[in-house]
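I opened this model to practise reading strands, salt bridges and pockets. My entries below are short and kept in the order of looking.

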Amino acid sequence: MSSKVSPLGTVSDTLVTTYLQMTDGSEFCPAYLYYHDGIKVMCMDTPDVAFYRFLYTSVGKPWGWRDRLSHSDEEIEALLKAPGTSVHVLYVNGVPAGYIELAQRREGAGGRFDSTKIDYFGLRPSYIGRGLGKHLLSHGIAYAWNKGTQRLWVHTSNLDGPYALNNYIKRGFKVYRVEEKPMPESYF
């Protein structure tokens, strides 16, 4: 694999996307930070588009997240209000440090089972490397299983944070597919 320099730094010519899933709650290996009094995770019960945009941008900018940037406020609000969607914000000493967004939907022939996708998950740059990601991910996984999901899944890529894939695997996710394709030009 070769690489090129982009606004994100050095970016590979190949986009590698890894799909992971957990199909039983017994596979979950939680890693909570119990010793830290200043950590709190709260569900965003009322959709707040401006706050959501702040979270999405401040967490995703270093990794080139673009998907939701072109959405109108009305589209973002509809996504946040969709049944089964929840956004959980990690606060450290009262400051938003990251978030996990979950989307529970019916899946399979005739919608016979519940599946939850981790749509977005990450920390603001100054909070990375302190163990907070495993705490927030553990919260999101526990929430999904408590809500009755039968399959929890996520995809990550070589454009995501350096600890993302390892964090998913350590929490109990199993890789079920890896795709490689040319890096989209928009990343160069």
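These are my notes on a predicted model, taken by topic.

**Entry 1: strand β7**

I began with strand β7, which covers residues 113-123. I asked how many of its residues are buried. The count is 9 of 11, and I noted the strand as mostly covered.

Next I looked up the partners of β7. Strand β6, residues 95-107, pairs with β7 in the antiparallel sense, over 10 bridges. As one point to find on screen, I marked Glu 101, which stands opposite Tyr 120 in β7.

With strand β8, residues 151-157, the pairing of β7 is parallel and has 3 bridges. Here I marked Ser 115, whose bridge partner in β8 is Arg 151. I then traced the chain between these two strands: it leaves β7, passes through helix α3 (residues 132-146) and arrives at β8. I wrote this down as a right-handed β-α-β crossover.

**Entry 2: strand β3**

I moved on to β3, residues 14-22. It is mostly covered, with 8 of its 9 residues buried.

Which strands does β3 pair with, and in which sense? Strand β9, residues 174-182, is joined to β3 by 8 bridges, and the two run antiparallel. Strand β8 is joined to β3 by 6 bridges, and this pair is antiparallel as well. I picked one residue pair from each. Gln 21 stands opposite Lys 174 in β9, and Tyr 19 has His 155 in β8 as its bridge partner.

I note that β8 pairs with β7 in the parallel sense and with β3 in the antiparallel sense.

**Entry 3: salt bridges**

I wrote a reminder to myself first: side chains of opposite charge can pair when their charged atoms come close. The salt bridge count for this model is 7. I looked at three of the pairs.

The first pair I looked up was Lys 81 with Glu 77, at 3.0 Å from N to O. Both sit in helix α2, residues 73-81, and because they are 4 residues apart there, about one helical turn separates them. Lys 81 counts as exposed because its relative accessibility is 53%, and the cut-off for exposed is over 50%. Glu 77, at 31%, counts as partly exposed.

The next pair was Glu 107 with Arg 151, at 3.1 Å from N to O. This pair links distant parts of the chain, with Glu 107 in β6 and Arg 151 in β8, 44 residues apart. I asked whether Arg 151 is buried or exposed. Its relative accessible area is 12%, so it is buried, since buried means under 20%. Glu 107 has 24% relative accessibility and therefore counts as partly exposed. Arg 151 was already in my notes as the bridge partner of Ser 115.

The last pair I checked was Glu 179 with Arg 177, at 3.2 Å from N to O. Glu 179 is partly exposed at 31% relative accessibility, and Arg 177 is partly exposed with a relative accessible area of 36%.

**Entry 4: the largest pocket**

I turned to the pockets. The largest one has a volume of about 1000 Å³. Its lining is made of 42 residues, and those nearest its centre are Phe 121, Thr 156, Asp 160, Gly 161 and Ala 164. The elements giving two or more residues to this lining are β3, β7, α3, β8 and α4 (164-170).

Which element gives the most to the lining? It is β7, with 7 residues. By class I noted 19 nonpolar, 12 polar and 11 charged residues in the lining of the largest pocket.

**Entry 5: the second largest pocket**

The second largest pocket has a volume of about 240 Å³. I asked how many residues line it. There are 17, and Cys 43, Gly 84, Thr 85, Ser 86 and Tyr 143 lie nearest its centre. The elements that give two or more residues to the lining of the second largest pocket are α2, β5 (85-92), β6 and α3. The classes in this lining are 9 nonpolar, 5 polar and 3 charged.

For my last note I compared the two lists of elements. Helix α3 is named for the largest pocket and is named again for the second largest pocket.

How values were computed
Residues are numbered from 1 along each chain as its sequence is written. This is a predicted model: local features need pLDDT of at least 70, side-chain atom pairs count only at pLDDT 80 or more; totals for chains, interfaces and linings use all residues. Side-chain values use heavy atoms; hydrogens and water are left out. Buried means under 20% relative accessible area, exposed over 50%, partly exposed in between (1.4 Å probe, protein chains only). Two strands pair if DSSP finds at least two bridges between them. A crossover is right-handed if, with the strands pointing away from the viewer, the path from the first strand over the helix to the second runs clockwise. A salt bridge is a side-chain nitrogen of Lys or Arg within 4 Å of a carboxyl oxygen of Asp or Glu. On a 1 Å grid over the protein atoms alone, a cavity is a set of points where a 1.4 Å probe fits but cannot get out, and a pocket is an open set with protein on both sides within 12 Å along at least five of seven lines; lining residues have an atom within 4 Å of a point. Grid points are joined across faces, edges and corners, and a volume is the space filled by probe spheres set on the points. Ala, Val, Leu, Ile, Met, Phe, Trp, Tyr, Cys and Pro count as nonpolar, Asp, Glu, Lys and Arg as charged, and the others, Gly among them, as polar.
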